[in-house]
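Hi everyone, thanks for coming. Please have a look at the picture on the screen, and I'll walk you through it piece by piece.

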There are 2 protein chains.
Amino acid sequence: MKLIADNLRITKTDMQGALKNRDSKPIKELVKLCVAKGSCAIDVNTGPLGKSPEEDMAFFIESVESVTDLPLLIDTSNPVAMKAGLKAANNHVIINGFSLEPRKLEKILPLAKEYDVDIIGFLLYPDSRVPKDEVQRFEIVLELFEQAQAAGVSKERIIIDPIVPPLAWEDGIVQARSVLNVIRTLPDLLGFEVRTIGGVSNLTTGAGDKEKKNLMEQSYVAMLAAAGLDYALLDILNGEVVAAAGAAGILAKEELFSWGMVPG
Amino acid sequence: MKLIADNLRITKTDMQGALKNRDSKPIKELVKLCVAKGSCAIDVNTGPLGKSPEEDMAFFIESVESVTDLPLLIDTSNPVAMKAGLKAANNHVIINGFSLEPRKLEKILPLAKEYDVDIIGFLLYPDSRVPKDEVQRFEIVLELFEQAQAAGVSKERIIIDPIVPPLAWEDGIVQARSVLNVIRTLPDLLGFEVRTIGGVSNLTTGAGDKEKKNLMEQSYVAMLAAAGLDYALLDILNGEVVAAAGAAGILAKEELFSWGMVPG
């Protein structure tokens with residue numbers, strides 16, 4: 001299980017400031033820190049961006065690429081911004097992402113073919129509702145692959161994000177287990193080793209004690225690793241959760257063990 | 001997933017002293033601490049005991065029962081000591097345990113029928129070798145149930161211990177994943193909700209940094225919980241692993257979540 005930093009988000013005030021002032025320093029510093037902490041890619045979550053999405057996205061991509069050559073996940077729902085990111089990027093890029101929402105099928109999915117890049121597919125209904133059980137999730141997976149095929153995007157390009165639910169949702173804990181089952185059984189269902197990605201921090205979205213949140217994320221990230229998750233999107237600066245993810249990744253995958261492999 | 005203290009072990013010098021001096025105080029103090037930390041049963045690991053196994057075992061059982069009415073796992077390979085424990089105990093008792101080893105089939109397994117109690121079955125070959133994959137483990141499970149049936153012990157009385165392997169073994173990490181798969185698939189294989197128990201501390205037996213050991217146990221106990229383990233046998237005084245086990249137990253089983261459920 002590889003770890004991907006979700007730290008670069010436009011919702012943070014320092015990132016908003018960096019964008020507004022065209023000051024790349026806070027972006028560079030953050031990305032360097034994420035790289036130092038072992039991130040294997042950077043999620044560039046710009047949100048939809050404002051009046052000049054193309055320039056804004058190019059600024060973000062250039063700032064990030066000036067300090068790392070790791071792959072970038074371009075994380076925006078705005079097709080104009082997404083296309084600008086794909087144009088601007090020199091690093092390896094993953095589109096994050098598309099769903100059955102008509103606008104995304106029409107405007108985002110074709111970019112994966114046009115730029116010949118990987119694309120993340122969210123397990124959401126066309127109206128962005130979250131499915132309620134494994135059967136619904138599998139139906140959506142199959143529909144995502146059909147749509148991808150129709151758009152000329154090969155199945156190996158798709159990375160499935162089953163959408164980790166917040167525990168704060170009424171049935172969040174039940175859905176969190178459903179997500180684990182989906183990750184585990186998806187390769188058998190599809191007949192090939194489809195890659196999966198999950199947002200660990202989503203589990204504890206909302207109010208709550210930080211230590212308790214960490215405890216739940218640490219346990220859940222181990223369960224995700226055991227289920228076979230390929231990429232964990234998380235706060236790479238949260239040492240406790242990252243250490244748990246590292247240990248879980250070893251337990252889930254390695255053929256030989258030595259204590260030297262364990263973080264810390 | 002319920003937690004069971006593995007702390008009461010004859011291998012500890014204070015327990016040896018307590019036995020030798022017939023001083024029940026160290027035993028009582030330890031058991032009270034285990035109960036306070038949330039243990040739902042006490043594993044009484046006396047080992048085979050020496051020249052007077054019946055008196056020694058009775059002393060242990062009486063000492064433990066003087067401070068708790070929790071169930072006791074009587075953990076000895078000596079049939080004489082086991083029988084003495086079953087005679088002496090007033091609390092609910094579980095025999096820990098039997099295997100395909102001829103002496104255990106002959107001398108320990110029948111005690112489960114005689115005293116009408118639960119008994120733990122270890123997934124080991126008759127010569128105590130550890131199986132090497134899921135197929136071998138399933139074969140042993142089926143043989144254990146056949147032997148139990150022949151001894152008049154109903155299948156609901158059996159609790160399977162798949163034997164958590166030390167990571168320090170050459171293929172320990174591979175076997176640790178095999179154990180997870182066995183726990184997950186056993187109910188389907190057997191056609192009923194067989195209960196399972198696993199010794200978490202076994203994973204990190206041997207030399208190694210304490211923090212790294214905790215990290216591996218925390219991740220593995222979450223994987224055990226997700227696989228459906230019923231009883232985790234562990235060092236109940238190890239706060240970090242116990243907290244992880246508590247969080248994992250919530251994630252693995254609960255239908256509703258609130259932060260008040262989370263330890264800490």
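Let's start with one residue in chain B. Leaving out residues up to four places away in sequence, B:Asn214 touches B:Asn238, B:Glu240 and B:Val241. You will find B:Asn214 in helix H9 of chain B, which covers residues 210–227. Is B:Asn214 buried or exposed? B:Asn214 has 20 C-beta neighbours inside 10 Å, so it counts as buried. To get a feeling for distance, try B:Gly38: it sits 176 residues from B:Asn214 along the chain, and their C-alpha atoms are separated by 19 Å.

Before I go further, please keep in mind that this is a predicted model.

Here is another asparagine, also in chain B. B:Asn78 lies in the loop between strand S3 (72–75) and helix H4 (79–88) of chain B. This residue is buried too, because B:Asn78 has 20 other C-beta atoms within 10 Å. Which residues does B:Asn78 contact, leaving aside its neighbours within four places in sequence? They are B:Pro48, B:Leu49 and B:Pro53. B:Pro165, in contrast, is 87 residues from B:Asn78 in sequence and 23 Å away in space, going from C-alpha to C-alpha.

Now a tyrosine over in chain A. A:Tyr115 is in the loop between helix H6 (109–114) and strand S5 of chain A. With 16 C-beta neighbours inside 10 Å, A:Tyr115 counts as partly exposed. From A:Val93, 22 residues away along the chain, A:Tyr115 is separated by 9.3 Å between C-alpha atoms.

Let's move on to the strands of chain A. Strand S5 (residues 118–122) and strand S6 (residues 158–161) run parallel, and four bridges join the two. If you look for A:Ile120, you will see that A:Ile159 in S6(A) stands opposite. In S6(A), A:Ile158 and A:Ile160 point one way, A:Ile159 and A:Asp161 point the other way, and all are buried. That fits a general pattern: in a regular strand the side chains alternate between the two faces of the sheet.

S3(A) and S4(A) also run parallel and are joined by four bridges. One pairing to find on the screen is A:Asp75 with A:Asn96 in S4(A), its bridge partner. How many of the six residues of strand S4 (residues 93–98) of chain A are buried? Six of the six are, so the strand is largely enclosed by the rest of the structure.

On to two helices of chain A. Helix H3 (residues 53–65) has 13 residues, which at 1.5 Å a residue should span 18 Å, and its end C-alpha atoms are indeed 18 Å apart. Its buried residues include A:Met57, A:Phe59, A:Phe60 and A:Ile61. And what covers the buried residues of H3(A)? The cover includes helices H1 (13–20), H2 (25–36) and H4 (79–88), along with strands S2 (42–45) and S3 (72–75), all of chain A.

The second helix is H10(A), with 15 residues reaching 21 Å from first C-alpha to last, close to the 21 Å expected at 1.5 Å a residue. Of those 15 residues, 12 are buried, so H10(A) is largely enclosed by the rest of the structure. Among the buried ones are A:Val241, A:Gly246, A:Ile250 and A:Leu251. What they pack against comes from both chains: strand S1 (2–5), H9 and strand S8 (231–234) of chain A, together with helix H8 (172–190) and H9 of chain B.

That brings us to the place where the chains meet. The contact takes 30 residues from chain A and 30 residues from chain B. On the chain A side, the elements giving two or more residues are helices H8 (172–190), H9 (210–227) and H10 (239–253). H9(A) gives the most, with 10 residues. By type, that side divides into 20 nonpolar, five polar and five charged residues.

How do the two chains relate? A rotation of 180° with 0.0 Å of shift along its axis superposes chain A on chain B, with an RMSD of 0.0 Å. That is the relation of a two-fold axis. A:Met223 comes closest to the rotation axis of the residues of chain A, at 2.7 Å for its C-alpha. The copies meet through the same surface, because 100% of the interface residues of chain A are also interface residues in chain B.

Last stop: the core. The largest nonpolar core has 185 residues, and A:Ala232 and B:Ala232 touch the most other members. Not counting residues up to four places away in sequence, A:Ala232 touches residues including A:Met1, A:Leu3, A:Val221 and A:Ala245.

Key
Residues numbered from 1 in each chain as written. Chains lettered and ligands numbered in written order. Predicted model: local features only at pLDDT ≥ 70, side-chain atom pairs only at ≥ 80, totals over all residues. Contact = placed C-beta atoms within 7 Å. Nonpolar A, V, L, I, M, F, W, Y, C, P; charged D, E, K, R; others polar. Core = buried A, V, L, I, M, F, W, Y, C linked by C-beta atoms within 7 Å. Least-squares fit on C-alpha atoms with pLDDT ≥ 70 in both. Expected span 1.5 Å × (residues − 1). Pairing = 2+ DSSP bridges.
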